[in-house]
Amino acid sequence: MQGKILSPQLIIGDDGKHYEYDKNDVVNLGDKDLAVLTGSVVDFVSFDERVAKSIYIISENVNVSGILSADRIRPARTMALWGIGLEFFSCIPYIGENIKLIIGIASFVLYSMAIYSVSKAAASKSLFKNYIITAIIGFLGAFFFMLSIMLLDNSEYVSIGTKVIAVLLLGGIIALIVAIYFYKIHAELARLSGSSLFLWSFWIFVVSVPLYFVFGIFTGFAGFTNFAGFVVSIIVLVPLFVAWWRFGKVEKR
């Protein structure tokens, strides 16, 4: 007979009857948590009208609301909020570059741990992977972008117009790839949390980055140590901070 898991102790059969069961009778459970498998289709045998035996999970349905309980999401939420908060402070003008570097590394580590914690709790195969891909492409992209600027700047055989086009083209390709994976991360966080704020924070980021360059042109373009970078950091980080803050509240509904 087939049915669906209603809870870690109860199955509803295709006949409409409810069957109690023990997790030890789920043959292919492995290290999975029954609490997150609500709605999964199972095949089982019943020798009476109350108990299910020899249970096989034939179609898994991961129940996100069951996975991300308040207790499980709270540590990840805290690490994310600290990571975002440190990132904000690293963008404040007049802070020494060495201090900025230390704060930036701490922020990245905390936020990475938060993403990993949510990914593990949700049994997601893509969230943390996409985050790592984004980080690697972002770091390598920034390195090669700056390297290309230096090489083109030192070249006497390339016109200024060609240099600008080459740099913009390389920067655009890198930005597009990062944006695609960045969107995937925020879309999955929005799905897991039930809050569209993560997607809103992504689109605000997409709009704000060009604003940074516009502001930078008028303020001397000294990177994120100038007023432009500080303003844009507020625009980008505040919505993301609110999204993570509400992430914890979603689980209490």
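This section describes the fold, sheet, core, salt bridges and surface of a predicted model.

The protein comprises 253 residues, of which 35% count as buried. Seven helices and five strands make up its secondary structure. Along the sequence the elements follow the pattern β-β-β-β-β-α-α-α-α-α-α-α.

The five strands form an open sheet with antiparallel pairing, in the order S3-S2-S1-S4-S5. Strand S3 (18–20) and strand S5 (53–59) lie at the edges; each has a single partner strand, so one side of each is left without a neighbour in the sheet. From one strand to the next, the twist averages 40°. Within the sheet, strand S1 (residues 2–7) is joined to strand S4 (residues 41–45) by three bridges in the antiparallel sense. Lys-4 is positioned opposite Val-41 of S4.

Edge strand S5 also contains Ser-54. The backbone of Ser-54 has a positive phi of about 50°, although the residue is not a glycine. Ser-54 counts as partly exposed, at 38% relative accessibility.

Two salt bridges were found in a search of the whole structure. In one of them, the side chains of Lys-53 and Asp-25 meet at 3.4 Å, N to O. This pair links distant parts of the chain, since Lys-53 belongs to strand S5 and Asp-25 to the loop between S3 and S4, 28 residues apart. Lys-53 has a relative accessible area of 33% and is partly exposed.

A salt bridge also joins the side chains of Glu-188 and Arg-191, at 3.6 Å, N to O. Both residues are in helix H5 (residues 160–193); they are three residues apart, and therefore separated by about one helical turn. The two partners differ in exposure. Glu-188 has a relative accessibility of 9% and counts as buried, because the cut-off for that class is under 20%. Arg-191, at 52%, counts as exposed, the cut-off for that class being over 50%.

In soluble globular proteins, nonpolar side chains tend to be buried together. The largest nonpolar core of the model has 23 residues. Those with the most contacts inside this core are Tyr-111, Val-118, Leu-189, Phe-198, Trp-244 and Phe-247. Two or more residues each are supplied by helix H2 (70–90), H3, helix H4 (127–153), H5 and helix H7 (227–250). The most comes from H2, which gives six residues to this core. Helix H5 thus appears both in the core and as the site of the Glu-188 to Arg-191 salt bridge.

Nonpolar side chains also occur at the surface. Leu-101, Ile-105, Phe-108, Val-109, Met-113 and Phe-139 make a nonpolar surface patch of about 570 Å². Helix H3 (residues 97–121) provides the largest share of this patch, five residues. One of the patch residues, Leu-101, is located in H3 and is exposed, with a relative accessible area of 54%. Helix H3 therefore contributes to the surface patch as well as to the largest nonpolar core.

Conventions
Residues are numbered from 1 along each chain as its sequence is written. This is a predicted model: local features need pLDDT of at least 70, side-chain atom pairs count only at pLDDT 80 or more; totals for chains, interfaces and linings use all residues. Side-chain values use heavy atoms; hydrogens and water are left out. Two strands pair if DSSP finds at least two bridges between them. Helices (H or I, at least four residues) and strands (E, at least two) are DSSP runs, numbered from the N terminus. Axes are lines fitted to C-alpha atoms, for helices over the stretch in contact, and angles run from 0 to 180 degrees between N-to-C directions. A salt bridge is a side-chain nitrogen of Lys or Arg within 4 Å of a carboxyl oxygen of Asp or Glu. Buried means under 20% relative accessible area, exposed over 50%, partly exposed in between (1.4 Å probe, protein chains only). Patches are made of residues with over 30% relative accessible area and no salt bridge: like charges are joined within 9 Å, nonpolar side chains (Val, Leu, Ile, Met, Phe, Trp, Tyr) within 5 Å. Accessible areas come from the Shrake-Rupley method with a 1.4 Å probe; for residues, only the protein chains shown count as cover. A nonpolar core is a set of buried Ala, Val, Leu, Ile, Met, Phe, Trp, Tyr and Cys residues joined through side-chain atoms within 4.5 Å.
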